[in-house]
Amino acid sequence: MGMSVTISAATEADAEQILKLQYLCYQSEAQLYGDYSIEPLTQSLESLRGELAGGTVLVARLGDEVVASVRGTTDADGTAHIGKLIVHPRLRRHGLGGRLLAAIEAQLVTAGTTKRFELFTGHRSDHNLRLYRRHGYAPVTTEKVDERLTLVTLAKETAAPTLTGV
């Protein structure tokens, strides 16, 4: 019987595995846009450790191996910024990205101040755009970075709280 993937909070000990996975996962994005200088490919281990300390970072594990990850922070206005949703290439198209997206949303809402979710991807990243739309995100802005890349920002409101016992 195969092992199941578990999702949990990332720890400092996961930093190197996350960074290596990030480097692997963003190769396809870099190729798609013809730009290997994108921040996920140049991020330092120290910078990633700072994100671990200052935000919410989740990982998906298959045994001891980190096979997916996502990060999020909520600003003072209640907007949760979700980023660097990555899934190992051999595990893509099996629902793991959607599970991680739902898990980070739930984690950020539990913190109590999140009113809205926001994330971005490149305009040619069709798989990412489909995933985000399937999970209720809608495009809100576009920003042309250069001739090769336009960033698409997508957002959705958090679910309204339900009143029980009223």
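Let me begin with helix α4, residues 45-54, which lies across β2, β3 and β4. Its direction makes an angle of about 60° with β3, where β3 covers residues 65-74 and β4 covers residues 79-87. I should say at once that we are looking at a predicted model.

The strands under discussion belong to an open sheet of seven, with mixed pairing. Read across the sheet, the order is β1-β2-β3-β4-β5-β7-β6. The edges are β1, at 5-9, and β6, at 138-144, and each of these pairs on one side only. On average, neighbouring strands of the sheet are turned by 25° against each other, direction ignored. At the β1 edge, the partner is strand β2, residues 56-62, and the two pair in the antiparallel sense over five bridges. To give one position, alanine 9 has leucine 58 in β2 as its bridge partner.

I turn now to the loop that follows β1. Glutamate 12 is found between β1 and α1, and the residue is partly exposed, because its relative accessible area is 47%. What does glutamate 12 contact beyond its neighbours within four places in sequence? The contacts are Arg49 and Leu52. With Arg49 the contact includes a salt bridge, in which the closest N and O atoms are 2.6 Å apart. This pair links distant parts of the chain, since arginine 49 sits in helix α4, 37 residues away from glutamate 12. Arginine 49 has a relative accessible area of 25% and is therefore partly exposed as well. A further distance ties this loop to another position: glutamate 12 and alanine 53 are 41 residues apart in sequence, yet their C-alpha atoms are 8.1 Å apart in space.

Let me widen the view to the salt bridges as a set. How many are there in the model? The count comes to ten.

One of them joins glutamate 65 and arginine 90, with the closest N and O atoms 2.6 Å apart. Glutamate 65 is in strand β3 and arginine 90 in the loop between β4 and α5, with their positions 25 residues apart in the chain. Glutamate 65 has 29% relative accessibility and so counts as partly exposed; arginine 90, at 44%, is likewise partly exposed.

Another joins glutamate 157 and arginine 116, where the closest N and O atoms are 3.5 Å apart. Here both partners are in strands: glutamate 157 in β7, residues 150-157, and arginine 116 in β5, residues 116-122, at a separation of 41 residues. Glutamate 157 counts as exposed because its relative accessibility is 52%, whereas arginine 116, at 21%, is partly exposed.

There is also a network of salt bridges, which links Glu39, Glu51, Arg71 and Lys84. Lysine 84 deserves a second look. The residue lies in strand β4, and its relative accessibility is 14%, so it counts as buried, the limit being under 20%. Its phi is near 50°, a positive value in a residue other than glycine. Most residues other than glycine have a negative phi. Arginine 93 also has a positive phi, near 70°. Is arginine 93 buried or exposed? With a relative accessible area of 59%, arginine 93 is exposed, and its place is in the loop between β4 and α5.

My last topic is the nonpolar interior. In soluble globular proteins, nonpolar side chains tend to be buried together. The largest nonpolar core in this model has 25 residues. Those with the most contacts inside it are Ile82, Leu96, Leu101, Tyr132 and Tyr137. Two or more residues come from each of β2, β3, β4, α5, β5, α6 and β7. Which element gives the most to this core? It is α5, with five residues.

Tyrosine 137 illustrates the surroundings. Not counting residues up to four places away in sequence, tyrosine 137 touches ten listed partners, among them Ile82, Leu101, Phe117, Leu119, Tyr132 and Leu154. Its contacts also include Glu105, Glu118 and Lys156. Finally, there is a second, separate core of 16 residues, which includes Tyr26, Ala30, Leu41 and Leu48.

Methods: Residues numbered from 1 in each chain as written. Predicted model: local features only at pLDDT ≥ 70, side-chain atom pairs only at ≥ 80, totals over all residues. Heavy atoms only, no water. Pairing = 2+ DSSP bridges. Helix = DSSP H or I, 4+ residues; strand = E, 2+ residues; numbered from the N terminus. Axes fitted to C-alpha atoms, helices over the stretch in contact; angles between N-to-C directions. Contact = heavy atoms within 4.5 Å. Salt bridge = Lys/Arg side-chain N within 4 Å of Asp/Glu carboxyl O. Buried < 20%, exposed > 50% of the residue type's maximum accessible area, 1.4 Å probe, protein only. Core = buried A, V, L, I, M, F, W, Y, C linked by side-chain atoms within 4.5 Å.
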